[in-house]
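Here are a few short exercises to work through with the model open beside you. Try each task before reading its solution.

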Amino acid sequence: MSDIKIIRVENQKDLMRFIKFPWKIYKGDSHWVPPLLMDRKKLMNKEKNPFYRHAEADFYLAEKNGELIGRIGAIKNDLHNKYHNDRVGFFGFFECINDQEAADKLFDTAREWIREHGLTEMRGPANPSSNDEYGMLIEGFDDEPRLLMTYNPKYYLDLCENYGLKKAKDLYAYKLETDKVISSEKLKRVADIARRRSGMEVKQLNMKEFDKELEKVKEVYNKAWAPNWGFIPMTDEEIDAMAKDLKPLVEPSLVLFGEIDGKVIGFALVMLDYNQVFKSMNGKLFPFGFIKLFTQKKKITWSRIITLGIIPEYQKRGLDATFYYEIVTRADKIGINLGEASWILEDNEMMNRGANVMNGEIYKKYRIYEMPV
């Protein structure tokens with residue numbers, strides 16, 4: 001008989017144990033960035049997070065001899081299954097000590113939950129969806145994660161693969177260096193030609209008209225990313241919630257809209273890498289973390305291109321190059337010389353080609369695993 005006990009999170013005390021468990025796993029790991037506790041609570045709040053209007057989830061802890069040794073979430077995303085005509089369930093929020101038996105128990109628990117909910121595949125990690133932190137780091141362990149990207153110990157790969165999880169898809173993160181990007185003659189040429197031929201104007205976010213600008217995002221977002229593997233449309237409520245969270249951190253000159261004849265045809269969201277600030281806050285925004293957000297902003301050297309999308313009828317015209325060139329030159333003006341374009345599906349030819357034209361280098365890879373239940 002195994003002495004590993006699985007406990008379903010059913011109260012506030014267990015929820016906080018679940019949220020704080022990563023501090024045990026990453027103790028002494030100089031590359032880990034502690035998440036903000038208040039953000040984790042908000043993310044997992046089934047009453048307040050609009051994700052749970054179209055999804056169900058349960059969260060589990062693993063204990064051995066009274067000591068917490070792991071955690072996992074099991075997720076049913078109705079919007080995903082409706083959109084893809086799938087019967088896929090997801091595991092997420094996985095953290096575990098280096099113990100195969102403990103990992104197996106956690107995966108078994110998620111798998112059984114997924115099977116009981118009438119689904120046929122288990123995929124992940126999704127925390128809790130592809131619109132949030134997504135994927136298991138498989139290459140690039142010698143660096144901190146950028147904002148809203150995942151990080152994990154290398155042994156997690158063995159825990160997943162020994163259990164029988166197989167690769168579903170890999171995701172790439174490209175490192176972009178201002179000097180290398182700006183020196184790309186091809187990028188400049190394509191960007192100039194695309195801008196002249198299309199007449200596209202690039203406009204930055206107007207913070208004074210934030211709510212109106214948000215309507216433009218809603219117009220473009222789901223159209224632009226619809227053809228991608230694993231894509232899940234965001235509801236208006238989810239976009240509103242994301243905007244509310246990101247608004248205090250937004251750099252308006254790096255949130256860009258492409259317009260042709262007054263019609264919004266593309267959108268880019270680039271964020272400063274506030275992980276460089278969060279790292280020293282140890283999960284706490286108050287009382288002093290909030291001050292650090294502003295006093296340490298000047299120390300940020302990285303940005304992350306989180307989304308860059310163009311609606312289908314305007315794709316393959318080189319307009320992505322125009323966006324990229326704008327992003328890099330604008331970032332350079334505010335002293336940001338390093339960027340990450342992430343994540344990009346391994347088989348998204350258009351986005352990978354764009355990153356290569358910018359002399360980008362794949363410096364991290366992430367994996368989505370799957371298996372039948």
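Three exercises with worked solutions follow, after a short note on the model.

This is a predicted model, in which local features need pLDDT of at least 70, side-chain atom pairs count only at pLDDT 80 or more, and totals for chains, interfaces and linings use all residues. Residues are numbered from 1 along each chain as its sequence is written, and side-chain values use heavy atoms, with hydrogens and water left out.

**Exercise 1.** Find the secondary-structure element of T307 and decide whether T307 is buried or exposed.

Solution. Start with the element: T307 sits in strand β13, residues 302-310 (strands are DSSP runs of E, at least two residues, and helices runs of H or I, at least four, numbered from the N terminus). Next, take its relative accessibility, 11%. Buried means under 20% relative accessible area, exposed over 50%, and partly exposed in between, with a 1.4 Å probe and protein chains only. T307 is therefore buried. Finally, list its contacts (heavy atoms within 4.5 Å): beyond neighbours within four places in sequence, T307 meets Y221, W225, F267, A268 and L269.

**Exercise 2.** Do the same for E177, then locate L345 relative to E177.

Solution. E177 belongs to strand β9, residues 166-177. Because its relative accessibility is 25%, E177 is partly exposed. Setting aside residues up to four places away in sequence, E177 touches N337 and L338. From E177 to L345 there are 168 residues in sequence and 21 Å in space, C-alpha to C-alpha.

**Exercise 3.** Place K186 in its element and class its accessibility.

Solution. K186 is found in helix α8, residues 185-198. With 46% relative accessibility, K186 is partly exposed.
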